[in-house]
Amino acid sequence: MKRTIIEIDAAKCDGCGVCILCCEEGALEISGEKAVLAREFACDGNGSCIGECPQNAIKAVEKDCPPCSVFAIMDNIIPKGEKHITAYFDHLRKHECYELMDAAAAYLRARSVTIPEKNIK
Ligand code: SF4
Ligand code: SF4
């Protein structure tokens, strides 16, 4: 499917890692001293990372890629622990993505993963 996703200009990227820290979806990784979009399914295309890059190396593009899946994002985040789960919920709340919060919470409950209390409505 065609949708908005980010693209990183490797020639500009200096591998500082700032974008990794601001991507609560866990879509980005450092590989070969450059940031890469390691998980297209986790990139929601909202562009939170774009303005954070000191090298102006990130831009939004329209391209064919897998749909963004909150369930796949949760599968990626759950092993990282409660701190990451909470940060992701905080991110969804900040962007008023309440339906995604409900879906993520239901996904956690179905897997008997403890939901940080502040994430329960
Ligand atoms: S913030 Fe920009 S320069 Fe830093 S790692 Fe990410 S893409 Fe590269
Ligand atoms: S647009 Fe959002 S989800 Fe995609 S890489 Fe940037 S911060 Fe992560």
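Let's start in the middle of this predicted model, with its largest nonpolar core. That core has 25 residues, and the members that touch the most others are C19, C43, C49, I58, F89 and A104. Several elements feed into the core: β1 (2-8), α2 (70-77), α3 (82-94) and α4 (98-110) each supply at least two of its residues. Where does this core sit relative to the two domains? Domain 1 (2-64) and domain 2 (70-119) both give residues to the core, so it lies between them. As a bit of background, nonpolar side chains tend to be buried together in soluble globular proteins.

C49 is a handy residue to click on next. Setting aside neighbours within four places in sequence, C49 is in contact with I6, C19, C22, C23 and I58. Two of those partners, C19 and I58, also appear with C49 among the core residues that touch the most other members.

Cysteines turn up again when you look at the ligands. Ligand 1 has 13 residues around it, and C13, C16, C19, A35 and C53 come nearest. Sorted by class, the shell of ligand 1 has nine nonpolar residues, three polar and one charged. Ligand 2 is also surrounded by 13 residues, and here the closest are C23, E25, C43, S48 and C49. The shell around ligand 2 breaks down into seven nonpolar, four polar and two charged residues. So keep C49 in mind: it is among the closest residues to ligand 2, and it is one of the core residues with the most contacts to other members.

Now zoom out to the whole chain. The protein has four helices and four strands, and if you read along the sequence they come in the pattern β-α-β-β-β-α-α-α. The C-alpha atoms fill a box of roughly 45 × 30 × 25 Å along the principal axes. How does the radius of gyration sit with that of a compact globule? For 121 residues, a compact globule would have a value near 14 Å, and the protein has 15 Å, which agrees. Buried residues make up 24% of the 121. As for how the chain is tied together, take the contacts between residues at least 6 apart in sequence: 64% of them join residues at least 24 apart.

Back to the two domains. The assignment gives domain 1 as 2-64 and domain 2 as 70-119, and their centres, taken over C-alpha atoms, are 21 Å apart. The contact between them takes seven residues from domain 1 and eight from domain 2. On the domain 1 side, the residues that touch domain 2 are two nonpolar, two polar and three charged.

I77 is a good place to look at contacts across the chain. I77 lies in helix α2, and it counts as buried because it has 23 C-beta neighbours inside 10 Å, where 20 or more are needed. Leaving out residues up to four places away in sequence, I77 touches G26, H84, I85 and Y88. The C-alpha atoms of I77 and E25 are separated by 7.5 Å, although these two are 52 residues apart along the chain. E25 is a residue you have already met, as one of the closest to ligand 2.

For a contrast, try K12, found in the loop between β1 and α1 (18-22). Is K12 buried or partly exposed? With 13 C-beta neighbours inside 10 Å, K12 counts as partly exposed. Beyond its neighbours within four places in sequence, K12 is in contact with Q55, N56 and A57. K12 and A42 are 30 residues apart along the chain, and their C-alpha atoms are separated by 23 Å.

One of those K12 partners, N56, has a backbone quirk. Most residues other than glycine have a negative phi. N56 is not a glycine, yet its phi is positive, at about 55 degrees. N56 sits in the loop between β3 and β4 (58-64), and it is exposed, with 10 other C-beta atoms within 10 Å. E33 also has a positive phi without being a glycine, this time of about 65 degrees. You'll find E33 in the loop between β2 (28-31) and β3 (34-37). E33 is exposed, with 10 other C-beta atoms within 10 Å.

Key. Residues are numbered from 1 along each chain as its sequence is written. Chains are lettered from A and ligands numbered from 1 in the order in which they are written. This is a predicted model: local features need pLDDT of at least 70, side-chain atom pairs count only at pLDDT 80 or more; totals for chains, interfaces and linings use all residues. A residue is near a molecule or strand if its C-beta atom, placed from the backbone, lies within 6 Å of it. Ala, Val, Leu, Ile, Met, Phe, Trp, Tyr, Cys and Pro count as nonpolar, Asp, Glu, Lys and Arg as charged, and the others, Gly among them, as polar. A nonpolar core is a set of buried Ala, Val, Leu, Ile, Met, Phe, Trp, Tyr and Cys residues joined through C-beta atoms within 7 Å. A residue is buried if 20 or more other C-beta atoms lie within 10 Å of its own, exposed if 12 or fewer, and partly exposed in between; C-beta atoms are placed from the backbone. Domain bounds come from an automatic or database domain assignment. Two residues are in contact if their C-beta atoms, placed from the backbone, lie within 7 Å. The radius of gyration is taken over C-alpha atoms; the globule rule is 2.2 Å times the number of residues to the power 0.38.
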